[in-house]
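Reader: I have a structure on screen and would like to learn how to read it. Where do we begin?

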2 protein chains.
Amino acid sequence: MKKEFEILSRAIGDRGLRRTAQRENILKVFLAMEGHFSIENICGEAKKQFPSIGRVTVYRTMKLFEELGLAEKMDRGDGIARYEHKYNHKHHDHLVCVKCGACIEAVSPQIEKLQEALAKKYGFVPAGHKLRIFGICKNCR
Amino acid sequence: MKKEFEILSRAIGDRGLRRTAQRENILKVFLAMEGHFSIENICGEAKKQFPSIGRVTVYRTMKLFEELGLAEKMDRGDGIARYEHKYNHKHHDHLVCVKCGACIEAVSPQIEKLQEALAKKYGFVPAGHKLRIFGICKNCR
DNA sequence: ATATTGTTGAAATCGTTTTTCAATAAAAAT
DNA sequence: ATTTTTATTGAAAAACGATTTCAACAATAT
């Protein structure tokens, strides 16, 4: 839970950014959440400790965290961007329940390999991929 | 190129919908386009033959086509919904070029199988999936 | 302490999609 | 054929998430 703050600190130094209570608070709150959260979710959580914080600041800060490799945007297909932890979290795919919206993280090394091969077959230099498997989760059936 | 109109006709009969020039025109235009097209693209094309047609009608009609299994919505990650043909087109994944936006359709039966297995491993009843591989296409490098 | 300049947050704006609603037109009833 | 019914249309308005603007503010450098 420390490294992420170091990354933020380094970015602040390197880029001539300023150390603000908002940024530190959003990072703290974000790291404490486990799962996939919308800006509104994160902002709501942040407001508990920092009531004056604005939605716009959360948008801007999460974009910064994305650039720093701390957060990754994902979308469940409902038009709302959600963020998940990225630092020290390896790549994974998502199993999205179409009933309850639950989102499970999963990964198959074989699928990863085959995706590389598929891209190359078409002359693509692969840079990443996003796989969502939709279905009914264990709890919902 | 005939079956799709039959499907529309049948839906009109079954659901008490009405046969309108707009719906037939949008279907004609959509079938004539090959690739992935936004509402604005489709509306622009439709306007050539039917100048009075409105964007809203295209939204509504494409949603109907989705329900009828004639069209499938896909998103390239840029927030704009695009439609592709579904009827008589088997499932495929998308290779999206991050430089030029080109979108190639590809499929790997092995990946499909492994996805099923991955879903089941987590107790999911899979209902479908969307895989986008991002990278640089042959032309762009 | 002061000057500089990055940051904040409310309001305004943006771009896509949806809803509203009066006018229209397709199908049914006469 | 005419009238009635009701689905459909399309412009305008609203909704929605996300972005931009800008004056007030506050972190850092001088």
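Author: We begin with a cut-off. A residue is near a strand if one of its heavy atoms lies within 4 Å of it. Now the case here, in a predicted model. Of the atoms of DNA strand C within 4 Å of the protein, 63% belong to sugar or phosphate. The rest belong to bases.

Reader: How many residues surround DNA strand C, and which are the closest?

Author: DNA strand C is surrounded by 21 residues. The closest are A:Arg18, A:Arg23, A:Thr57, A:Arg60 and B:Tyr59. By class, this surface has 7 nonpolar, 7 polar and 7 charged residues.

Reader: Which helices supply the surface near DNA strand C?

Author: Helix H2 (21-32) and H4 of chain A, together with H4 of chain B, each supply at least two residues. The largest share comes from H4(B), with 4 residues.

Reader: How do I read single polar contacts to DNA strand C?

Author: Look for pairs of N or O atoms within 3.5 Å. Then ask which part of the strand is touched. An N or O atom in the side chain of A:Gln22 is 2.9 Å from a sugar or linking oxygen of DNA strand C. A:Ser52 uses a polar backbone atom, 3.1 Å from a phosphate oxygen of DNA strand C. For B:Tyr59, a polar side-chain atom lies 2.8 Å from a phosphate oxygen of that strand.

Reader: Now the other strand. Which residues come nearest to DNA strand D?

Author: B:Arg18, B:Thr20, B:Arg23, B:Thr57 and B:Arg60 come nearest, out of 20 residues around DNA strand D. This surface has 6 nonpolar, 7 polar and 7 charged residues. Of the strand D atoms within 4 Å of the protein, 62% belong to sugar or phosphate, and the rest to bases.

Reader: Which part of DNA strand D does A:Arg18 approach?

Author: A base. A polar side-chain atom of A:Arg18 lies 3.0 Å from a base nitrogen of DNA strand D. B:Arg60 also has a polar side-chain atom by a base nitrogen of this strand, at 2.3 Å. A:Tyr59 meets the backbone: an N or O atom in its side chain is 2.9 Å from a phosphate oxygen of DNA strand D.

Reader: Which helix gives the most to the surface near DNA strand D?

Author: H4(A), with 4 residues. Helix H4 (55-67) of chain A is joined by helix H2 (21-32) and helix H4 (55-67) of chain B, each supplying at least two residues.

Reader: How do I read the relation between the two protein chains?

Author: Two copies of a chain are related by a rotation about an axis and a shift along it. Here, chain B can be laid on chain A by a turn of 179° and a shift of 0.0 Å along the axis, with an RMSD of 0.1 Å. That is the relation of a two-fold axis. In chain B, the C-alpha nearest the axis belongs to B:Leu131, 2.2 Å from it. The copies meet through the same surface, because 100% of the interface residues of chain B are also interface residues in chain A.

Reader: And within one chain? Into which domains is chain A divided?

Author: Domain 1 (3-85) and domain 2 (93-140). Their centres, taken over C-alpha atoms, are 25 Å apart. The contact takes 8 residues from domain 1 of chain A and 8 residues from domain 2 of chain A.

Reader: How much area is buried between domain 1 and domain 2 of chain A?

Author: About 610 Å², with carbon and sulfur atoms giving 47%. A:His36, A:Met74 and A:Arg76 supply 64% of the area that domain 1 of chain A buries against domain 2, more than any other three residues.

Methods. Residues are numbered from 1 along each chain as its sequence is written. Chains are lettered from A and ligands numbered from 1 in the order in which they are written. This is a predicted model: local features need pLDDT of at least 70, side-chain atom pairs count only at pLDDT 80 or more; totals for chains, interfaces and linings use all residues. Side-chain values use heavy atoms; hydrogens and water are left out. Copies are superposed by least squares on the C-alpha atoms of residues with pLDDT of at least 70 in both. Contact means heavy atoms within 4.5 Å. A polar contact is a pair of N or O atoms within 3.5 Å; within protein, one must be able to donate a hydrogen and the other to accept it, and residues adjacent in sequence count only if both atoms are side-chain atoms. Ala, Val, Leu, Ile, Met, Phe, Trp, Tyr, Cys and Pro count as nonpolar, Asp, Glu, Lys and Arg as charged, and the others, Gly among them, as polar. Domain bounds come from an automatic or database domain assignment. Buried area is the accessible area (1.4 Å probe) that two parts lose on being put together, summed over both.
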